[in-house]
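Here's a quick tour of one model, with a stop at a helix, a ligand site and an annotated domain. Have a look at the structure first.

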Amino acid sequence: MPSPTSSGAITSVLQETRVFPPPAEFARAAHVSSLEQYQELWNRAKDDPEGFWAEQAGRLISWFKPWDRVLDWNPPFAKWFEGALVNASYNCVDRHCEGPNKNKAALIWEGEPGDRRVLRYQDLQREVARFANVLKGLGVRKGDVVALYLPMIPELVVAALACARIGAPHTVVFGGFSAEALAGRIQDCKAKVLVTADGGYRRGKVVPLKENADGAAAVCPTLQHVVVYRRTGLDVAWSHGRDHWWHELEANASAVCPPEPVDSEHPLFILYTSGSTGKPKGILHTTGGYLVGTALTTQWVFDIKDDDTYWCTADVGWVTGHSYLVYGPLALGATCVMFEGAPNWPDEGRFWKIIEDYRVTILYTAPTAIRAFMKWGEQFPRRHDLSSLRLLGSVGEPINPEAWMWYHKVIGGGRCPVVDTWWQTETGAIMISPLPGATPTVPGSATRPLPGIVPEVVTKDGTPVGVNEGGFLIVKQPWPSMLRTIYGDDDRYKAQYWSDIPGSYFTGDGARRDENGNFWIMGRVDDVLNVAGHRLSTMEVESALVSHRAVAEAAVVGKPDDLKGQAIAAFVTLESGYAASEELRKELRNHVVKEIGALARPDDIHFTDALPKTRSGKIMRRLLRDIAAGVESGGDTSTLEDLSVMVRLRRFEQKAG
Ligand code: WTA
């Protein structure tokens, strides 16, 4: 298991003592309304997990046929609600059309240029059924994978639910990924159909999605059809027979398509995320358990009520968008705001204008965004009426107490509870978080595990650490929304998550638990970076760099960044015949963008003549981390093969600086 810090020990310097009890009025009306009630639920779930989960599953989800068994646990392989038949699209759409909510807004959408659309549950049903028939017409059958590479438009939600309707697992690829990254994902899951758009808007420019899709399709032999939604009117190349306009196919599709009852364990989606190796992992989620987990957490953590207007700002390309823009809130029949653009276009007040315009009551966003808002200044939120807000959420990385306080005061007017939610692509749903009507919050802490979730902080060999001691965060019992495997690679699934601490799920995060039972997440302890809330592996960026002809070797590390949490620093040695230059530095940055996407663009590229390595040839990243951060190296360097490398690296830095 890797060492989390230079000294090898996990230490935390945070000493936060401010405590915010749930406002009484909020607590009175909340789904879970006291700490005692929370504790009771947690204890009950701990004593009788299967009974607890069966109760939640029966209460929250509509099943076509009940399960024979709640859990079949064959570590590390779990089957939840085996024997049951269910359909995610039925749960997120049709069942809300059977009662008084059929005319309720499901999605309130705003495009970057300011265009607006509202889809009521009935509209969503018609659109989803139509597109499901379109997919069927293209030969998509139950079990076939469909890739979605779309901007944040309602069609992304429609397409995902249409896949779920016919039992075709989807894989959503974030629109910021490059053609190469898209191709790698399509090749791995052997998608048959790709749904994309001519382009998408980003800060006034058009991102050429179809052009990227064409680049990917050229190297993906499994791909038979590309469906293109016309969003921007951008001219696009066309491959006759393979490419189809969304509107043309839809014009001829029936709006009747009964949802296909699938097994509870039928794959719902594959979502690629970075691990500690160069190749992204296809995280596989299945239907029944995932729906139970996302619906339950949406209800308890966001305290959703029928009249809420809920806004999760995450892109559907990430797990947060899957669980908390699509499946969780729609399963509960909530009204969701969806926004296509960036927070600072056309100006830095865009989010606050949206909240004012739609009277948003619940906002769920990321610390990196909050820190950007702080930097832009209070004048932007002050210009808007934010009094509709009643609850604020944070996700994706540790939120520093200063940002937490700003969010609470400036955005929440001091009256809205803040829920700092810890979870991962792999966990499917929120795991550690305050319940806003029950849990006293502490800035910077995700507080307590949700009922049914049993995390622990342990040492390398699995021994629980003491109060306030840092260690590795694990989860000891299976939960319904957990990943089932890495798509097509059960061995990697076992090795990656279940072998460090045998019998427990290893999260890859470091944490400590304080004397009040609150968890403090300290970030990744493996080679995964968290850049502006996006997961990237150092090796992914390294392989992108070494695929450039000028690069001999590359080592990538994270360095602290006030806005993004972590920035990317790369150390590069060059092939003979190439010389370090500003020109080359630019070329390498662009090369990484082409290989992965703009989110992976290195902030710093350091040219060096050698990398610090151990005698066995392993790059000593912790030394590079210190150099990248501009701090003195502590810790042991005696295993370094060539001590002079460090001296040369430092000298070079001084020259360059
Ligand atoms: C980090 C995003 C601290 C963590 C849902 C985790 C957090 C990784 C928090 C998962 C939080 C997420 N506090 N750290 N509230 N939420 N993380 O898969 O390191 O994109 O392992 O899922 O983000 O990132 P992922």
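Why is helix 8 (residues 209-217) largely enclosed by the rest of the structure? Seven of its nine residues are buried, so the rest of the structure largely encloses it. Buried here means under 20% relative accessible area with a 1.4 Å probe, counting protein chains only. The buried ones in helix 8 are L209, K210, N212, A213, D214, A216 and A217.

Before going on, a word on the model: it is predicted, so local features need pLDDT of at least 70 and side-chain atom pairs pLDDT 80 or more, while totals for chains, interfaces and linings use all residues. Numbering runs from 1 along each chain as its sequence is written, and side-chain values use heavy atoms, with hydrogens and water left out.

Now the ligand. It is surrounded by 17 residues, and the closest are D420, T421, T425, D509 and R535; to count, a residue needs a heavy atom within 4 Å. By class, that shell has six nonpolar, six polar and five charged residues. Here are some polar contacts, meaning pairs of N or O atoms within 3.5 Å:

| Ligand atom | Protein partner | Distance |
|---|---|---|
| oxygen | N or O atom in the side chain of T425 | 2.6 Å |
| oxygen | N or O atom in the side chain of Q424 | 2.9 Å |
| nitrogen | polar backbone atom of E397 | 3.4 Å |

On its own, the ligand has 530 Å² of accessible area (Shrake-Rupley, 1.4 Å probe), and the protein covers 96% of that.

Finally, an unreviewed UniProt entry annotates residues 38-92 as "domain: Acetyl-coenzyme A synthetase N-terminal".

Note on methods:
Polar contact = N/O pair within 3.5 Å; in protein donor to acceptor, adjacent residues only side chain to side chain. Nonpolar A, V, L, I, M, F, W, Y, C, P; charged D, E, K, R; others polar. UniProt positions renumbered as here; feature names shortened; annotations may be inferred. Buried < 20%, exposed > 50% of the residue type's maximum accessible area, 1.4 Å probe, protein only. Helix = DSSP H or I, 4+ residues; strand = E, 2+ residues; numbered from the N terminus.
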